Each structure stands twice: as structure tokens, then as C-alpha cells.
Amino acid sequence: MILDRFRLDGKVAVVTGANTGLGQGMCVALAEAGALVAGVARRSCAETAAKIPEGQFFEILADLGKTESAAYVMEEVLKQFGKIDILVNNAGIIRRADVVDFTEQDWDDVMNLNLKMLFLLSQAAAKQFIKQNSGGKIINIASMLSFQGGIRVPSYTASKSGVRGLTMEMANELAPHGINVNAIAPGYMVTNNTELLRNDEKRSSEILARIPAGRWGTPEDIGGACVFLASAAADYVNGYTLAVDGGWLGR
Ligand code: NAD
């Protein structure tokens, strides 16, 4: 039955950036679909854990700005659950400044977390999926700036455009192993990431006026796309970046 193909009972899902925002929304959605969820974050995921039945959520504290964290996260997941089925690369940061003032630090910090760590975790998960001979699902969180240029966010645009390209690249190489690599491109969502934008009255009303759905998105809005791409219902979806944007890109 088709709805059964969306169920994730017994699957182990790893979600980075699980303590708040879209990561929290996806943890809850994956758990509601039946998955055991390992949430990775720098800070406590107590708020996320409180939204999920006891025993279904496990927290891994790690700074994903450090490359050695990729191996650590995978070790912890295997120690706790003995396998991995789904990886959601959600942790991401943004830095805003004019191109002419943009610092090397703001370039490196964003690229290292949003793109390099996403690759290292995907690589570690892919190795494990192949070892398990189980197939697997990798879901990367992209952005409207995987399709558009944006303004005053050069490293963010570079990283998120990279995420979309890398999603296709990894999908091509990993599909023969039964591994699906796809991405979700959220539109303008109410989280910490967009706090500065939402506090800027002019930018905020300009953005809202351009969203056909007439509202900003929420962490709950992304859950359906995440569960779909994590499930057997998406077994023949490879390398695609799915916009969840209230119509922004089509406008
Ligand atoms: P958020 O700031 O609420 O969440 C970011 C998450 O990343 C947090 O859980 C944070 O703990 C984690 N994180 C940041 N640095 C980390 C580090 N060094 N180590 C471990 N974890 C770290 O923002 P959000 O909007 O929920 O962002 C989630 C993802 O969605 C990001 O990749 C972001 O770029 C993307 N995104 C957001 C929007 C939006 O409108 N909010 C739009 C497009 C894409």
C-alpha cells in the first residue's frame, strides 16, 4: 500500500543541527513516521527531545565546524544503533556583508560547515551504507540560493549552490548502491537563520510580498518533503533538489 511506503519504522536517521529550526522540524517528522532519530548539535537538543516519544531520540553533541567530527558522529551513531539508514545534512550558517567587505573567516566558516562537512558526513554515511549492503538515503538542505544569487551572502550562495551540484554528483555515483541523494531547498522560513532579515521591516515586507503562498514557511512545512525523500516512496528519485518555498522560485 502506498502510505506504507512512506513509513520509516525501524530506520535510523541522523539529523545535523537538530536543536532548533528546520532540523528540529525534520527530527519530529522523521520520528512521527517511525524512525529512531540521532540529533547532532553543538548545544543541547532538549527542546527537540521533548517533542519526541522517549526512546526514539538520541543526542550527539559535536562541533561540525571541525572536520574530525564527521568520524565521531558516525562512531556514536553506530555505537548507539548499530546502523544508519538516513542522513539529513541540515546544519548550516549564514554570514552577511557586502562583497567588498567580506572576510576570509566568513568565507571559510560557512563553506566548511555548509559544504565540506556535508560532504564528509555524506562520505562516511555512504561507506557505511555500502558496508551494510542496505542502500540508504542522504538528504541535503539547500536553499533558494542554490538557484539564485542573493545579496550580501557570498559564501552562503557559494556553499548552497555547491550543495545542489554535489547532490547530483553523489547521486550519480551512489545510485548503483541503492543510495538516494537528494536535497530540499527551503524558501524563506521562520528560524534563527532569517531573524536578521525578518527584523528588517523593509526587506521582510519585500520578501513576503513576493511569496505566492503569502506567508513565511515554518519548520513543520519541511517535514513532508523530508519524510518522502527518506522513504521507500522516493526510491527512484535521485539527485533532485526539491523546493519547499511557497512558490518563491516559480514567481
Ligand atoms: P538555525 O540557525 O535555526 O539552525 C541551524 C542549525 O545548525 C542549528 O541547529 C545549529 O545548532 C546548527 N549548527 C550551526 N553551526 C554548527 C556547528 N558548528 N556544529 C553543529 N551544529 C551547528 O537555522 P535553520 O533555518 O533551521 O537552518 C537549517 C538549515 O536550513 C541550514 O542549512 C540553512 O542554511 C537552511 N536554510 C534555511 C532557510 C530559512 O529560511 N530559515 C532557508 C534556506 C535554507
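A residue counts as near the ligand if one of its heavy atoms lies within 4 Å of it. In this predicted model, 29 residues surround the ligand. Asn19, Asn90, Tyr156, Met189 and Thr191 come nearest.

Polar contacts to ligand oxygen atoms involve both backbone and side-chain atoms. Threonine 191 places a polar side-chain atom 2.5 Å from a ligand oxygen. For leucine 22, a backbone N or O atom lies 2.8 Å from an oxygen atom of the ligand. A polar side-chain atom of asparagine 192 is found 3.4 Å from a ligand oxygen. The ligand taken alone exposes 820 Å². Of that area, the protein buries 95%.

The largest nonpolar core holds 41 residues. Within this core, Val14, Val73, Val77, Ile84 and Tyr188 touch the most other members. Strands and helices both contribute. Two or more residues each come from strands E1 (12–16), E2 (36–41) and E6 (179–186). Helices H3 (69–81), H4 (104–132) and H5 (154–174) also give two or more. Helix H4 gives the most, with 10 residues. Apart from this core lies another, of 32 residues. Its members include Met26, Ala29, Ala31 and Ile86.

Tyrosine 188, one of the residues of the largest core that touch the most other members, was examined for contacts beyond its neighbours within four places in sequence. On that basis, tyrosine 188 is in contact with Met144, Leu197, Ile207 and Ile211. Trp216, Gly217 and Trp248 are also in contact with tyrosine 188.

Note on methods:
Residues are numbered from 1 along each chain as its sequence is written. This is a predicted model: local features need pLDDT of at least 70, side-chain atom pairs count only at pLDDT 80 or more; totals for chains, interfaces and linings use all residues. Side-chain values use heavy atoms; hydrogens and water are left out. A nonpolar core is a set of buried Ala, Val, Leu, Ile, Met, Phe, Trp, Tyr and Cys residues joined through side-chain atoms within 4.5 Å. Buried means under 20% relative accessible area, exposed over 50%, partly exposed in between (1.4 Å probe, protein chains only). Helices (H or I, at least four residues) and strands (E, at least two) are DSSP runs, numbered from the N terminus. Contact means heavy atoms within 4.5 Å. A polar contact is a pair of N or O atoms within 3.5 Å; within protein, one must be able to donate a hydrogen and the other to accept it, and residues adjacent in sequence count only if both atoms are side-chain atoms. Accessible areas come from the Shrake-Rupley method with a 1.4 Å probe; for residues, only the protein chains shown count as cover.
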